[in-house]
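Subject: Structure handover and notes

Hello,

Here is the structure I said I would pass on. Please open it beside this message, as the notes refer to residues by number.

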Amino acid sequence: MVLADFLTALKRSGLEPARAALFITTGRGPCRFGQYAPFLGRALRRLGLGDVHILAPDSDSGYRDVAEYAAPLKRLVWRALLAADYLRDQLHRTRPYELRAGDADRAHRESLGEAAGVLETRGPNGKGLANLAAALGRGRDRFRAVATLPSRDRLKIGVVGEIFCRLNTFSNDDVVRKIEKLGGEVQLSGIGEWVWYSNACEWMTLRRTGKTLSRRAAAASLTAWVQSREEAKLLGALHDGHEEPSVADLVEFARPYLPWEGVLGEMVLSVGKAIHLQRKGADAIVDVSPFGCMNGIVSEAVYPRVSRDNGGIPIRVFYVDHATSDLEYGLEIFLELAAKYRRGRRGEGGQATCCAAA
Ligand code: SF4
């Protein structure tokens, strides 16, 4: 999918291969992710596109190795991720309740287009941030203008899992829309939490190697300070009541199952977020992962315990491979469990259901 996406973008851009770059982050953790960049490089060479640059910054170094472009590029990407997370969240809160089908998607499309336009415009950093904040404010107003039902009493379904799969609607077979059709409202984990997690992992490495007073540590602190300042400036004025847990909280929630000093990767965040969402009133947790994903498999192994320790909230991993699973059918049954869990939690006669992953 990554290769096909890149080839499509390259073709559309009309760029010479030597002027194009494939940007894909990499990591040295235990899963297949570290294989992507070398494999894609080989695939491009075989296609006669060996001149394409592969830009693959490493999560272990907090993506520092983008050389001289690191600071401005990281800042731009950070803003883009925050904007995308915010607008996606607005879409998921609005679409299930819209009175006229398509209004929320339209608001999302227009707002995303406007935010992308601002990000593409080079300018002084401060002004770029202010312009993006203004664009997001207009995006919030677009969503507010969507006519919605007065009642918001749908099943609340948290969606966690592998980053790319859970966020790419084609990859996940449009799982959010399917849940909405079945009567749910989704809270989908965004991508910003991964950036904070990478920062935390870098600090763990610095502590382990005794380099907490090094230049690298100073740079890591400065990066985190800039990121949190930009986040506050960008989203602080939007007042939408959305509350994201800190990564420090997430890794602590996950600690009894997957202590983060020894277990690296999205599985820690998925488990931590599942617990956070349960405490915030979610009626069930869906974990979306690609077939054979190591993160999904490890999370699946601990979810029965997570469920038992957290009120019996239904949790299930859905492996999306477009071939062997009937996602809609599985979700339909799963949302029945969510409804039963909610009735039990509200004392309406149902009994809390144990983990659907079991
Ligand atoms: S799909 Fe899973 S195993 Fe594959 S790279 Fe992503 S996280 Fe790793």
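Below are my notes on the domains, the ligand shell, the nonpolar cores and two elements of the fold.

Please keep in mind that this is a predicted model.

Domains and ligand

The domain assignment of the protein chain gives two entries: domain 1 (2–56) and domain 2 (155–211 + 239–345). Their C-alpha centres are 28 Å apart. Which domains supply the shell around the ligand? Domain 1 and domain 2 each give at least three residues to it. The residues surrounding the ligand are C31, R32, F33, E162, E266, P290, C293, M294 and N295. Sorted by class, this shell holds five nonpolar, three charged and one polar residue.

Helix α11

E266, one of the residues around the ligand, is also where helix α11 (residues 266–279) begins. The helix has 14 residues and spans 20 Å from first C-alpha to last, close to the 20 Å expected at 1.5 Å a residue. Is α11 mostly covered or mostly open? It is mostly covered, with 13 of its 14 residues buried. Just after the helix, G281 has a positive phi of about 105 degrees.

Nonpolar cores

The largest nonpolar core contains 49 residues. Within it, the residues with the most contacts are I157, V159, A254, V271, A284 and I285. Helix α11 provides the largest share of this core, seven residues. A second core, separate from that one, has 15 residues, including Y86, A107, V118 and F143. As general background, nonpolar side chains in soluble globular proteins tend to be buried together.

To look at one member of the largest core, take A254. Beyond its neighbours within four places in sequence, A254 is in contact with W260, V268, V271 and G272. Of these, V271 is itself among the residues with the most contacts in the core.

E230 in helix α9

E230 is found in helix α9 (residues 215–235). Why does E230 count as partly exposed? It has 18 C-beta neighbours inside 10 Å, and a residue needs 20 or more to be buried, while 12 or fewer would make it exposed. Leaving aside neighbours within four places in sequence, E230 is in contact with W78, R79 and L129. E230 and A130 are 100 residues apart in sequence, yet their C-alpha atoms are 10.0 Å apart in space.

Regards

Definitions and conventions
Residues are numbered from 1 along each chain as its sequence is written. This is a predicted model: local features need pLDDT of at least 70, side-chain atom pairs count only at pLDDT 80 or more; totals for chains, interfaces and linings use all residues. Helices (H or I, at least four residues) and strands (E, at least two) are DSSP runs, numbered from the N terminus. The expected span of a helix is 1.5 Å times one less than its number of residues. A nonpolar core is a set of buried Ala, Val, Leu, Ile, Met, Phe, Trp, Tyr and Cys residues joined through C-beta atoms within 7 Å. Two residues are in contact if their C-beta atoms, placed from the backbone, lie within 7 Å. A residue is near a molecule or strand if its C-beta atom, placed from the backbone, lies within 6 Å of it. Ala, Val, Leu, Ile, Met, Phe, Trp, Tyr, Cys and Pro count as nonpolar, Asp, Glu, Lys and Arg as charged, and the others, Gly among them, as polar. Domain bounds come from an automatic or database domain assignment.
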